[in-house]
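Please take a moment to look over the sequence and the model together before reading on. The paragraphs below lead through a few places in turn, beginning with an enclosed space and then moving on to strands and single residues.

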Amino acid sequence: MPEKLLSICVPTYNRFEKISAQLGCLLSQCCGIDQVEILVSDNHSDDGTSDLLMRLEDEYPSLRVFIQKENRGPINNMVFLVDQAQADYLWMLGDDDVVKQGVVDDILGVINKHKDLSLVYLNYNEEMEGEGYFSELAGLYPDGMDLFNRVSESRGAYGAMMFSSASIHRTENARKFVEIFQETGEFDNDNMAFPLGLSFYSAMCGSGFVIGKTYLYDDVTGICWKKDAYRVRYRDMLAVLDKTMIHCGKTADELGMDLIGYTGKSPEWFYLLSGCSCDNYAMRYRLHHDPKLLLPDLAYFLAFWGRGIWERANSFTKRGTEK
């Protein structure tokens, strides 16, 4: 069997139309390329997805399909695919995120040219047309943390690196991070900050490369974890970064990170403070290091909720006058 260079891992659940389109695009690109395998794990769908996948597996030798006997949750489904990957590199691609023709060839070209890469990052956009967010960052980064920090800074938050479809990792590093993630004992099995921690760990392990051409489009309309967004971004996100650093014996200063000021230019103070509680990791981090940093966030928070209460009151008043 030829040595595999890239495992394209696609977790899916009850998205018959989306996984059909995704595999149609991927299989057309990978046909005849022995270096690539496509792995799909169906998380116990009941919409006909499993039947479709098994038919395609019979037709395409590069496709391996796994049908779960029960729903494992999204992160456990990803972890399962990490365990199954047989190639040197692993790409965890969402079933709903759109990729263009040529992306597989470009990824293989970068990996073959730069043999020791730890992280490959794909330029992407949320619109189907136009240039991606990271075109100006294209190129080789001898220090993967330079890539991680510059991508995060360009989008105003470390959450920019949480988009799993944009990152390709060394499989051995992905497996090591799964062990770290599970060994901490502090994260539930479906902690949605897992992809961020994976990218962070890969960045710490070596060099990186940003592919400048826009091959990937993030389908934000289909996000299945919106209800967890506040918790993920502002408690779990910093906690995962922090615990990974502690496990690896690193500090934020060593890695050129600014965990206190990580919200940057995006309006993420809202999510931080909307999750105000004693277990909010980001708030406790600020409180411990420099309480003054909470003051502007608190002002924004009060202004936001004040406006929300005012609008809610107006809506009730309007409803009352219409009756």
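The largest cavity has a volume of about 30 Å³, and, since the model is a predicted one, this value, like the others below, is computed from predicted coordinates. The structure holds one cavity of 30 Å³ or more. Its lining is made by M78, M92, S164, H169, F194, P195 and L198, and the largest share of that lining, three residues, is contributed by helix 7, which spans residues 194-205. Sorted by character, the lining residues comprise five nonpolar and two polar ones, with no charged residue. As for how such a space is found at all, rolling a probe the size of a water molecule over the atoms shows where empty space is left.

From the cavity we turn to the strands, starting with strand 2, residues 36-42, which is mostly covered, since seven of its seven residues are buried. The cover lies over both faces of strand 2: on one side V36, I38, V40 and D42 are buried, and on the other side E37, L39 and S41 are buried as well. What does strand 2 pair with? Strand 1, residues 6-12, pairs with strand 2 in the parallel sense over seven bridges, and within this pairing P11 has S41 of strand 2 as its bridge partner. Strand 3, residues 63-67, also pairs with strand 2 in the parallel sense, here over five bridges, and the bridge partner of V40 in strand 3 is V65. The path of the chain from strand 2 to strand 3 leads through helix 2, residues 49-59, and this β-α-β crossover is right-handed. A right-handed β-α-β unit is also made by strand 1, helix 1 (residues 16-30) and strand 2.

Helix 1 is also where Q22 is found. Is Q22 buried or exposed? With a relative accessible area of 4%, which is under the 20% that marks a buried residue, Q22 is buried. Leaving aside neighbours within four places in sequence, the residues in contact with Q22 are L93, G94, D95, D96, D97 and V99.

One of these contacts, V99, leads on to strand 9, for V99 stands opposite L216 in that strand. Strand 9 covers residues 207-217 and is mostly covered, with nine of its 11 residues buried. Strand 5, residues 98-99, is joined to strand 9 by two bridges, and the two strands run antiparallel. Strand 6, residues 117-125, pairs with strand 9 in the parallel sense over seven bridges, and here L117 stands opposite S207 of strand 9. Strand 7, residues 139-141, pairs with strand 9 in the antiparallel sense over three bridges, with Y141 having G208 of strand 9 as its bridge partner.

The last stop is N149, whose place is in helix 5, residues 144-155. This residue has a relative accessible area of 13% and is therefore buried, because buried means under 20% relative accessible area. Which residues does N149 touch, not counting residues up to four places away in sequence? N149 touches Y158, L255, G256 and M257.

Notes: Residues numbered from 1 in each chain as written. Predicted model: local features only at pLDDT ≥ 70, side-chain atom pairs only at ≥ 80, totals over all residues. Heavy atoms only, no water. 1 Å grid on protein atoms, 1.4 Å probe; cavity = no way out; pocket = protein on both sides within 12 Å on 5 of 7 lines; lining within 4 Å. Points joined across faces, edges and corners; volume = space filled by probe spheres on them. Helix = DSSP H or I, 4+ residues; strand = E, 2+ residues; numbered from the N terminus. Nonpolar A, V, L, I, M, F, W, Y, C, P; charged D, E, K, R; others polar. Buried < 20%, exposed > 50% of the residue type's maximum accessible area, 1.4 Å probe, protein only. Pairing = 2+ DSSP bridges. Right-handed = clockwise from strand over helix to strand, strands pointing away. Contact = heavy atoms within 4.5 Å.
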